Amino acid sequence: MSEQQTVPPQSQSHQPGSQAQMEPRPQSAMTHYRAAGRLTGKVALITGGDSGIGRAVAVGFAKEGADVAILYRDEHEDAQETMRLIEAEGRRTLAISGDVGDSAVCDDVVAQVMKAFKKLDILVNNAAEQHLQPEFEKITDAQIERTFRTNIFGQFFMTRAALSHLQDGATIINTTSVTAYKGSPAQIDYAATKGAIVAFTRSLATALMERGIRVNAVAPGPIWTPLIPASYPEEKAARHGEQAPMKRPGQPDEVAPCYIFLASDDASYMSGQVLHPNGGTIVNG
């Protein structure tokens, strides 16, 4: 690799991308994570849980004692591997294929989770897509609709579907992005959805405070996930993360502990907040 490359050049033609096709594979099995039973007896639902950050969070939750359901689009091979990793920790799992941007799908997913596990304690709104378009005038209606439907409508739909099942002590964790704070000139629609998620998180946290439900968010920086080769030309993917102060992309395993902390009682005095695993970028947000 050249000095400018952080990973080998590669691209994928289908969003949100397949982890099985990446080289190197993202580190998302939480191999070196030491659990402490923080989520024993809990049930979690993670959207976009088949790969990348979602997989690392799912496995981390399982290591901490939670049963984990995941919603994914159509990456069946990735989903099966995530299920295998969860079951290897001795936990129960459920994988459901569907579009988070469809409210009926979200209603059905929650119903399936309740049927399988009888309760829901943790909701992680993580599914997302992004499309590179350097010329603002060329962002189509269809792209705007698709990006907003997946990234922010999906969080509304899934939260609405889950809310009646969340009890005092439950937690909601939303995935936003460093782009919500820095902006992204070639991904304006994506950055706009991520900014909306920050406002959604803060508003929902206030609305649910009296019900004892904490709502927080995580704003990752450049992380090596399937979304990167699925979003960028191969040479740009090869340089992913070089703009971060640490000069490299982060790994999903380096992000997942933020979600584990926010889901656990260790974060019992936190709501409406955003954590920033972004390789050292100062965002003051």
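Select S164 first: with a relative accessibility of 57%, S164 counts as exposed (exposed means over 50% relative accessible area, buried under 20%, and partly exposed in between, with a 1.4 Å probe and protein chains only). S164 belongs to the loop that connects α4 (141-163) with β5 (171-175). Helices (H or I, at least four residues) and strands (E, at least two) are DSSP runs, numbered from the N terminus. Add M209 to the selection: S164 and M209 are 45 residues apart along the chain, and 15 Å separates their C-alpha atoms.

The model on screen is predicted, so local features need pLDDT of at least 70, and side-chain atom pairs count only at pLDDT 80 or more, while totals for chains, interfaces and linings use all residues. Residues are numbered from 1 along each chain as its sequence is written, and side-chain values use heavy atoms, with hydrogens and water left out.

**The whole chain**

Zoom out to the full protein, which contains 9 helices and 7 strands. Along the principal axes, its C-alpha atoms fill a box of roughly 50 × 40 × 35 Å. The radius of gyration is 17 Å, which agrees with the value near 19 Å for a compact globule of 285 residues; the radius is taken over C-alpha atoms, and the globule rule is 2.2 Å times the number of residues to the power 0.38.

Colour by burial next: 56% of the 285 residues are buried. The accessible surface comes to about 12,400 Å², and carbon and sulfur atoms hold 51% of this area (Shrake-Rupley method with a 1.4 Å probe; for residues, only the protein chains shown count as cover). Of the contacts with a separation of 6 or more, 77% are between residues 24 or more positions apart; contact means heavy atoms within 4.5 Å.

For charge, select the 26 positive and 32 negative side chains; the centres of the two sets lie 5 Å apart. Lys and Arg count as positive and Asp and Glu as negative, while His and the chain ends are not counted. Each charge is placed at NZ of Lys, CZ of Arg, CG of Asp or CD of Glu.

**The sheet**

Display the strands alone. They form an open sheet of 7 strands with parallel pairing, in the order β3-β2-β1-β4-β5-β6-β7. At the edges stand β3 (93-97) and β7 (274-275); each has a single partner strand, so one side of each is left without a neighbour in the sheet. Two strands are taken to pair if DSSP finds at least two bridges between them.

Select β1 (residues 43-47) together with β2, a parallel pair joined over 5 bridges. Here V43 stands opposite D67, and L45 has A69 as its bridge partner.

In a regular strand the side chains alternate between the two faces of the sheet. Show the side chains of β1: V43, L45 and T47 point one way, A44 and I46 the other way, and all are buried. The count for β1 is therefore 5 buried residues of 5, a mostly covered strand. Strand β2 (residues 67-72) is also mostly covered, with 6 of its 6 residues buried. There D67, A69 and L71 point one way, and V68, I70 and Y72 point the other way.

Move to the edge at β7. Strand β6 (residues 214-218) runs parallel to β7, and 2 bridges join them; the partner of A217 in β7 is V274.

**Helix α9 and its start**

Select P252, which is found in helix α9 (residues 252-263). P252 has 0% relative accessibility and so counts as buried. Leaving aside residues up to four places away in sequence, P252 touches P26, Q27, S28, G52, I53, A56, I223, W224 and T225. Add P220: P252 and P220 are 32 residues apart in sequence, and their C-alpha atoms are 9.4 Å apart in space.

**Backbone features**

Go to the segment before β1, where P24 lies. A cis peptide bond, with omega about 0 degrees, joins E23 and P24. M30 is also found in the segment before β1. Its phi is near 55 degrees, a positive value in a residue other than glycine, and M30 is buried, with a relative accessible area of 2%.

End at K247, in the loop between α8 (234-238) and α9. K247 is not a glycine, yet has a positive phi of about 65 degrees. With a relative accessible area of 59%, K247 is exposed.
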